[in-house]
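The following exercises ask the reader to work through selected strands and aromatic contacts. Please inspect the sequence and the structure before attempting them.

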Amino acid sequence: MSLLHLSILVAECLVLGLCYWNVKLPEVLYAWQGTCVQIPCSYNNIRGIRKLDRLILFHNPSFSNANSSFYGTVLFDTNDLSENKRIKFLGHQREENCSMLILQVQVTDSGKLGLRMMAEHDKWMSYVQLNVTESAPQPYIQLPQQLHEFQTVTVTCFVNHFCPEDPVRLLWSLDRQEPLQDQVKNSFSIETQSILMESKFTFSLDWMYHTKELACSLSQTDGQLLSKKTLKLDVKHTPKIMIKASPHLEVKEGESVTLRCLLQSSNPEIQGSFSWFKDETSVQNSGEHLTLSNVTWQQAGNYCCEAYNEMGRGRSEPVQLQVRHSPVSKVLSADFKVMENRTVELTCETVAYPPPTNFTWYHAEKQVLGEVKQKLRFQAVNRMQAGQYTCLAENSEGRGEVSEKAWLDVQYPPTGVSVTIVNQTPIQEGDSVTLSCSYEQSNPTPYSYSWRAQFLQKHRINSQLLTISSIPWNAESVTCWACNDECSQATPLHLDVQYAPRDVKVILLTPKADIQSKDQVHLRCDFSSSHPADVHYSWTQNGKHFCEGRYLNWSSISPEDSGLYSCLVTNSIGETRSQEWDLKIQYPPRHFQVSINPGDTVMEKTNVVLTCEADANPAVDLYTWFDWKGQKIGDFGPRLILWSVTTHQSGAYWCHGTNKLGTGKSDSALLTVYYSPETIGKRTALGLGVCLAVFFLALLGVRCWKKIRGEQNFQEQPRRQGSFFIRNKKVRRPQSTAAPQYLGYYNPAMEERINYATLQFPARAPYLETTPVTLQTEDQSVTYSVLQKPYRGDYENVMPPSLPEDEGLHYSELIQFGEGERLPVQEGVEYVTLKY
């Protein structure tokens, strides 16, 4: 854009305020005559204007300062679409796209194109340079900066043109040969900044591409060539060399031959001179030529040469120099040491040209008849075929020399392997035994031994002798292997180990179920094995000798036969005892015993525990308690607890015990409960009070009786209104048949030794001169009790003697019969005799 145009643009920005436009166009467009050209265009307005009111395309426009307008050839005007038919508007006035297409461009269309855009009160002018040539321009080729062999490169060919109405394409050729289509990738780019059509070609460089031509052609789709660009490749590579022989590569021993190293190509040039190698070994010679005079068969082989440049080392392909000579032989084998009965193959290897046609084999310097091939094969070699072997080969140049000797070593595993006992004595359990693994023949000598026996925890290796420090009783057989490359097993040796009886145990023969008292019982002493088998049996009971023999028999067993039994089995080696066998006999309860805790004489209000113990198998499962009256107390188990006992609970106690076999009974146990000091005090005070009351009543009765007797003397049989009868009740202590009762102290409550006297009076007649006595009981009778002094001879475990009848205490009961009243003046008193 010229300075004039810039000044005009600045003026418009200042005057018209058009600097709000942002229009994107390519700077330059390229085309050639007859094709089309596409003008990509886009715009935006920062004021938010998106709709164009008018768009004009000028050819070489100019600006008039007089009226501030542009003048020039109008190629396109949106307000007058008939102005130029060669131009198509591809954009949209509402989508900010102002792209155009110019068809059939001519050379005269070259120049500056101005795009005038108007919207509302804003205006803008943009420029693009159009260059139209008479013919299509050459494509551009882009190559990497440096090319070298084995490199994979991608080259690019492009033109700054694209016309959808008249499509063209780019084609590649290398060394005037069109490349494969899958190596080419075509694309085009239409942007507002540039228009580009390109093609990429990827290939791997070879040194032979050096100086070759790489061409990119622009042509129409019908194949018409429009333009072409050609470049010569400069491919860097290592020296490429080949060898040429003179006179040729096949010579006879003693002749001469010359090898020449020819350089085919090198980029850059080689540095230094050539180097020669034979069978990968350097030859002390440098230069383009290698001459071998008076050649020998040892000089036959593969030759190559190499040279260096900046890219590295280049080596020729090897060439084989063949020297004609008679064979030189050598015996070879995959393995000269082979096991017997294996397949072995000997080969007569020769160095000869031409190849040998006949072979001769020798074993121990004697010809092996019938063997004329290069290989001597033994399908199953034997030890007789071992020894030295040689061979001789023949070709058209003559017979060779006999080869060096080769030794065939036929090996075989040990033979005649056996196990022997070093110390030949009878073996007993626990002895130390030494065994030897011996053999008759072996090639090579055995270098390892292996032992196996069931009683050994692991194999013993690399020892011809095996020492067993403590041989077990069940050591049956031992075998060994003698090994070189292969192993041979010995026949197992049976060890006759003598031992004491094993697994001695007691067996119950009868009965099969539980043993009960009076059963027939048979026990047998058994063992699993013994060597020697002659044994002796004996029995112990509870650790003491009991009897001899294998069997124990009881025709009627008793509980006393219970115990721990074991049997002892003895042979000439030793003895073995069984585990103790517990002979358990079941029987009903017996040997009962009742114990009293804290004792059989206790003070009242003490807790007493009675324990019933019995001998029984199975144990007692039901206990029953009885008192001195023979009454069942209950099932309280083996312990009967009396909480806070009283004197009434004194007496004899016994228990019954039951298991599944029967019932047993204990003897009586006597419990004596005596009064506490507090109770004795209370009862003593009460007894004294009762005695005094009885004494006064007796006195009163005597007075009344005397008075009545006096009155009866003066009256004639007066009418009886009431009479008193004395009922004398005398109770003797009965003999108990239920259980013995031995009392330490006399207990009146227990023995009913207290008698009562009842005084009963009429309801209306007073018996005393004093105020009538008011009875508080319903029957208006009062019962008096008399405390009798205990007899001195009554003490524990001694029955008190019977009291004489006159020393008994008599009680009187006064009963009124009939109804009637006594005369007040004739009050009588009937007295009761009190005996002490």
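Three exercises on this predicted model follow, each with a worked solution.

**Exercise 1. Strand order and edges**

Determine the order of the strands in the open sheet that contains β57, and explain why one side of β55 is left without a neighbour in that sheet.

*Solution.*
1. The open sheet consists of three strands, in the order β55-β57-β60, and their pairing is antiparallel.
2. β55 (587-597) and β60 (639-642) stand at the edges; each has a single partner strand, so one side of each lacks a neighbour in the sheet.
3. On average, neighbouring strands of this sheet are turned by 15 degrees against each other, direction ignored.
4. The antiparallel contact between β55 and β57 (residues 608-617) comprises seven bridges. Within it, Ile596 has Leu610 of β57 as its bridge partner.

**Exercise 2. The surroundings of β58**

Identify the strands that pair with β58, and establish whether β58 is largely enclosed or not.

*Solution.*
1. Five bridges connect β58 to β61 in the antiparallel sense. Here Trp625 has Cys655 of β61 as its bridge partner.
2. β58 also pairs with β59 (residues 632-634), again in the antiparallel sense, over two bridges. Trp625 stands opposite Gly634 in β59.
3. β58 and β59 form a hairpin, with five residues between them. Gly630, in the turn, has a positive phi of about 80 degrees.
4. Of the five residues of β58, four are buried, so the strand is largely enclosed by the rest of the structure.

**Exercise 3. Aromatic rings and charges**

Classify the aromatic pair formed by Phe626 and Trp654, and state which ring faces Lys112 and Arg383 lie over.

*Solution.*
1. The structure holds 15 aromatic pairs, one of which is formed by Phe626 and Trp654.
2. The ring centres of Phe626 and Trp654 are 6.2 Å apart, with 15 degrees between the planes. Planes under 30 degrees apart count as stacked, and the pair is therefore stacked.
3. The pair links distant parts of the chain: Phe626 belongs to β58 (residues 622-626) and Trp654 to β61 (residues 651-659), 28 residues apart. Both Phe626 and Trp654 are buried.
4. Elsewhere, one aromatic cluster is formed by Trp172, Phe201, Phe203 and Tyr209.
5. Turning to the charges, Lys112 lies over the face of Tyr127, at 5.5 Å from the ring centre. Arg383 lies over the face of Tyr412, at 3.6 Å from the ring centre.

Technical notes: Residues numbered from 1 in each chain as written. Predicted model: local features only at pLDDT ≥ 70, side-chain atom pairs only at ≥ 80, totals over all residues. Heavy atoms only, no water. Pairing = 2+ DSSP bridges. Axes fitted to C-alpha atoms, helices over the stretch in contact; angles between N-to-C directions. Phe/Tyr/Trp six-rings, centres within 6.5 Å; stacked < 30°, edge-to-face > 60°. Buried < 20%, exposed > 50% of the residue type's maximum accessible area, 1.4 Å probe, protein only. Lys NZ or Arg CZ within 6 Å of the ring centre and 35° of its normal.
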